[in-house]
Amino acid sequence: MIDLIITSIVVDLSDQKLYAYNGPQLVRTIPVSSGKASTPTPTFSSKVQSKHRSVTMRGRGYVAPGVPWAMCVPGGMICMHGAPWQEAAGQAYGVPRSHGCVRMPTVQAKWLFHRTKTGTPITIQS
């Protein structure tokens with residue numbers, strides 16, 4: 001049973017970390033990999049609009065089927081999700097690597113997915 005609900009999420013691009021809050025209390029810090037210089041993650045405040053246990057993501061020059069534990073903002077172009085291919089390649093988090101999404105360790109993405117409702121506020125800041 002899940003007894004903790006995440007009430008807000010802050011992604012800090014300067015330190016490549018996601019901060020998950022329950023009210024004013026920080027409950028988890030997760031290392032992330034945001035957009036690389038050529039495909040940066042934008043800064044904004046929004047809300048989780050959709051959640052997908054598995055989704056195919058498409059962009060300029062790539063198709064990524066089976067992206068796990070994705071939570072996306074309106075417009076669907078930016079999502080927070082697991083990145084098992086990054087883990088399989090032995091690439092550490094904490095380094096910008098994506099096409100704009102916010103990648104995180106798959107086990108952490110699953111934890112966050114199950115505790116975050118649609119409508120939860122998200123802030124991405126530099």
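**Entry 1: strands S1, S2 and S3**

I count two strands as paired if DSSP finds at least two bridges between them. I am working on a predicted model, and I began with S2 and S3, which pair over six bridges in the antiparallel sense. I looked up individual partners along this pair and found Lys17 bridged to Pro31 in S3, while Asn22 stands opposite Gln25, also in S3. Two residues lie between the strands of this hairpin, where Gly23 takes a positive phi near 60°.

I then went to the neighbouring hairpin, that of S1 and S2, which has four residues between its strands, and in its turn I noted a positive phi of about 55° at Gln16. Val11 has Leu18 in S2 as its bridge partner.

**Entry 2: the sheet of five strands**

I next asked in what order the five strands of the open sheet follow one another. I read the order as S3-S2-S1-S9-S4, and the pairing in this sheet is mixed. At its edges I find strand S3 (25-31) and strand S4 (44-47), each of which pairs on one side only. From one strand to the next, the twist averages 20°.

Within this sheet I went back to strand S1 (residues 8-12) and strand S2 (residues 17-22), which run antiparallel and are joined by five bridges. Ser8 is placed opposite Tyr21 in S2. I also looked for a helix on the sheet, and I noted that helix H2 (residues 106-115) packs on it, touching S1, S2 and S3, with a direction that makes about 150° with that of S3.

**Entry 3: the sheet of four strands**

I turned to an open sheet of four strands, in the order S5-S6-S7-S8, where the pairing is again mixed. Strand S5 (50-59) and strand S8 (102-104) are the edge strands, and each has pairing on one side only. I noted an average twist of 40° from one strand to the next in this sheet.

How many bridges join S5 to S6? I find eight, and the two strands run antiparallel. One residue that I checked on this pair is Arg58, whose bridge partner in S6 is Val63. I came upon H2 here too, since it lies across S5, S6, S7 and S8 and runs at about 45° to S6.

**Entry 4: the largest pocket**

I looked up the largest pocket, which holds about 440 Å³ of space. I noted 22 lining residues, and those nearest the centre of the pocket are Arg58, Gly59, Tyr62, His99 and Cys101. The elements that give two or more residues to this lining are S5, S6 and S7. Which of the elements gives the largest share of the lining? I find that it is S5, with six residues. I sorted the lining of this pocket by class and have ten nonpolar, nine polar and three charged residues. Arg58, which I had met as the bridge partner of Val63 in S6, is thus on my list for this pocket as well.

**Entry 5: the largest cavity**

I searched the whole structure for cavities of 30 Å³ or more, and the search finds one. The largest cavity contains about 40 Å³ of space. I listed its lining as Phe44, Met71, Cys72, Val73, Ile78, Cys79, Met80, Val102, Ile122 and Ile124. Strand S6 (62-72), strand S7 (79-82) and strand S9 (121-125) are the elements that give two or more residues to this lining. By class, I find ten nonpolar residues in the lining of the cavity, with no polar and no charged ones.

**Entry 6: the disulfide**

I finally looked for disulfides, and I recall that a disulfide is a covalent bond between the sulfur atoms of two cysteines. My cut-off is a pair of cysteine sulfur atoms within 2.5 Å, and by this rule I count one disulfide. Which two cysteines does the disulfide join? I find Cys72 joined to Cys79, with 2.0 Å from S to S. I noted the link of Cys72 and Cys79 as right-handed, with 100° about the S-S bond. Going back over my notes, I see that Cys72 and Cys79 are also among the residues that line the largest cavity.

Note on methods
Residues numbered from 1 in each chain as written. Predicted model: local features only at pLDDT ≥ 70, side-chain atom pairs only at ≥ 80, totals over all residues. Heavy atoms only, no water. 1 Å grid on protein atoms, 1.4 Å probe; cavity = no way out; pocket = protein on both sides within 12 Å on 5 of 7 lines; lining within 4 Å. Points joined across faces, edges and corners; volume = space filled by probe spheres on them. Nonpolar A, V, L, I, M, F, W, Y, C, P; charged D, E, K, R; others polar. Axes fitted to C-alpha atoms, helices over the stretch in contact; angles between N-to-C directions. Contact = heavy atoms within 4.5 Å.
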